[in-house]
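Have a look at the model below. We'll go through its charged pairs, a small sheet and the way its domains meet.

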Amino acid sequence: MLIEPRDPLIARDGRPFTNSPGARARSLPFPFPQTLAGAYRTRRALQEGLPLPEKAEEVLRWGLRGPLLAEEGEGRWRLMAPRPLDALKLGEAVYPLRPLELPQGAGTNLPEGLSPVGLPSPALKEKPAPLPAFWYWESFLGWLLQDAPADFAPEGHEGPTPETRTHVALDPKAQTAREGFLFQTSGLEFARGRRRLALVLWAEEPELEGVFPLGGERRLAFWRKGGPGVPPLPEEVVAGLLRHRAARLVFLTPAFLGEAYLPKGRAFLGASVEAAVVGRPLPVSGWNLKEGKPKPSRRAVPAGSVYFLRFPEGWGEREIGDWAKKVWFQNLSEEEQDRRDGFGLAALGLWDGKPRRWEEA
């Protein structure tokens, strides 16, 4: 299902927005999954005649995956993924960040048993260069399928363009701004030149279509059936998992985990975490539809975060294959409702399972 904002989308960041002079409504760089889940559930509940909040418990059971970004081009919609945080560009080259084996006598402040992640060569000291915030799926898949890619150059762009609007209401008598009616809104423009952008959402139930408000200020968006389907689990990934008995897990949407940035028991469905590349935590709040009050603020692991995993020694081909199917493009947040809301959508990539030595060039 595709959702294309007609007007600049305001995905609110939780800061108060009042009618005081000079007030500003700021948008997040990309909407949280719960924003799309709430819009979908509200629209479907209205369509099916379910009163809210009386039927909130039933409505909240509707699960979704996404959102991801898509771009229209060459007569089709191309899926895009957030930049994986284990990619680092120095000069013109893109290097993979990998778990390191520390020299003798060195230490870190990481939790016990967790390896640091970085570049193996101390000679790589250039200032990091920017990489596109969103990669076309072909580039992202190429990164997943290569543990240490050479001459890799991802294709993509920065996604929706920020747009700021200044709003004012005039007093017809004084011909000046009315008190309290001068404010700004910062939204996301879903267009890049002649190319259109949209949000991709996969719902467990039938897709919706038509025009419906989305985000702050009730700005309109076009809802369409179709769009990119869920990418199939590549055979090369499964073969690599069996060969190395290790994996990279990349979050495509923010995730809520049981132990801050680590899952409970430091394992994803039985595969233990050896190391992680995690971005700054995202504060997430929202509105509790069932209880009619704000949700408490929580911190989520940002999209693009990467976890290096190792499988138990007793697992064979069947167990690893089943594990991969349970993880690929599934929501892996700890709480069931967070999974229904779309938090923690995961993809899998290759890792040879061998920590790099710091002295290696």
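A salt bridge here is a side-chain nitrogen of Lys or Arg within 4 Å of a carboxyl oxygen of Asp or Glu. Keep in mind that this is a predicted model.

## Salt bridges across the chain

Searching the whole structure turns up 18 salt bridges. One of them pairs Asp-86 with Arg-98, at 3.1 Å from N to O. These two come from distant parts of the chain: Asp-86 sits in the loop between strand S4 (76-82) and strand S5 (87-90), while Arg-98 belongs to strand S7 (residues 98-101), 12 residues apart. Both Asp-86 and Arg-98 are buried.

Another salt bridge is made by Arg-298 and Asp-338, whose closest N and O atoms are 2.9 Å apart. Arg-298 is in strand S24 (residues 298-300) and Asp-338 in helix H6 (residues 336-341), so this pair ties together parts 40 residues apart in sequence. How exposed is Arg-298? Arg-298 has 35% relative accessibility, so it counts as partly exposed. Asp-338 is a different story on its own terms: its relative accessible area is 5%, so it is buried, the cut-off for buried being under 20%.

## A neighbouring pair and a network

Glu-319 and Arg-318 also meet through their side chains in a salt bridge, at 3.3 Å from N to O. Glu-319 has a relative accessible area of 27% and is partly exposed. Arg-318 comes out at 59%, so it is exposed, since that label applies over 50%.

Elsewhere, Glu-4, Glu-72, Arg-196 and Arg-224 are joined into one network by salt bridges that share partners.

## Around Arg-78

Arg-78 is part of strand S4. Is Arg-78 buried or exposed? With 15% relative accessibility, Arg-78 counts as buried.

The side chain of Arg-78 makes a polar contact of 3.4 Å with that of Glu-138. If you set aside neighbours within four places in sequence, the residues in contact with Arg-78 are Leu-69, Ala-70, Glu-71, Tyr-136, Glu-138 and Arg-195.

## A three-stranded sheet

Strand S7, home of Arg-98, turns up again in an open sheet of three strands, ordered S8-S7-S27 with mixed pairing. Strand S8 (117-118) and strand S27 (356-357) are at the edges with a single partner strand each, so one side of each has no neighbour in the sheet.

S7 and S27 run parallel and are joined by two bridges. Leu-100 has Arg-356 as its bridge partner in S27.

## Where the domains meet

The protein splits into domain 1 (2-80 + 157-224) and domain 2 (81-154 + 232-357). Their centres, taken over C-alpha atoms, are separated by 28 Å. Domain 1 puts 31 residues into the contact, and domain 2 puts in 31 residues. About 2,500 Å² is buried between the domains, with carbon and sulfur atoms giving 61% of that. On the domain 1 side, Phe-32, Gln-34 and Met-80 supply 23% of the area buried against domain 2, more than any other three residues.

Two salt bridges are counted between domain 1 and domain 2. Arg-41 and Asp-341 form a salt bridge too, their closest N and O atoms being 2.7 Å apart. The interface also has 13 residue pairs in polar contact. Helix H1 (33-48), helix H2 (56-59), strand S3 (64-73), S4 and strand S15 (195-203) each supply at least two residues of the domain 1 side that touches domain 2. Which of these gives the most? S3 does, with seven residues.

Notes:
Residues are numbered from 1 along each chain as its sequence is written. This is a predicted model: local features need pLDDT of at least 70, side-chain atom pairs count only at pLDDT 80 or more; totals for chains, interfaces and linings use all residues. Side-chain values use heavy atoms; hydrogens and water are left out. Helices (H or I, at least four residues) and strands (E, at least two) are DSSP runs, numbered from the N terminus. Buried means under 20% relative accessible area, exposed over 50%, partly exposed in between (1.4 Å probe, protein chains only). A polar contact is a pair of N or O atoms within 3.5 Å; within protein, one must be able to donate a hydrogen and the other to accept it, and residues adjacent in sequence count only if both atoms are side-chain atoms. Contact means heavy atoms within 4.5 Å. Two strands pair if DSSP finds at least two bridges between them. Domain bounds come from an automatic or database domain assignment. Buried area is the accessible area (1.4 Å probe) that two parts lose on being put together, summed over both.
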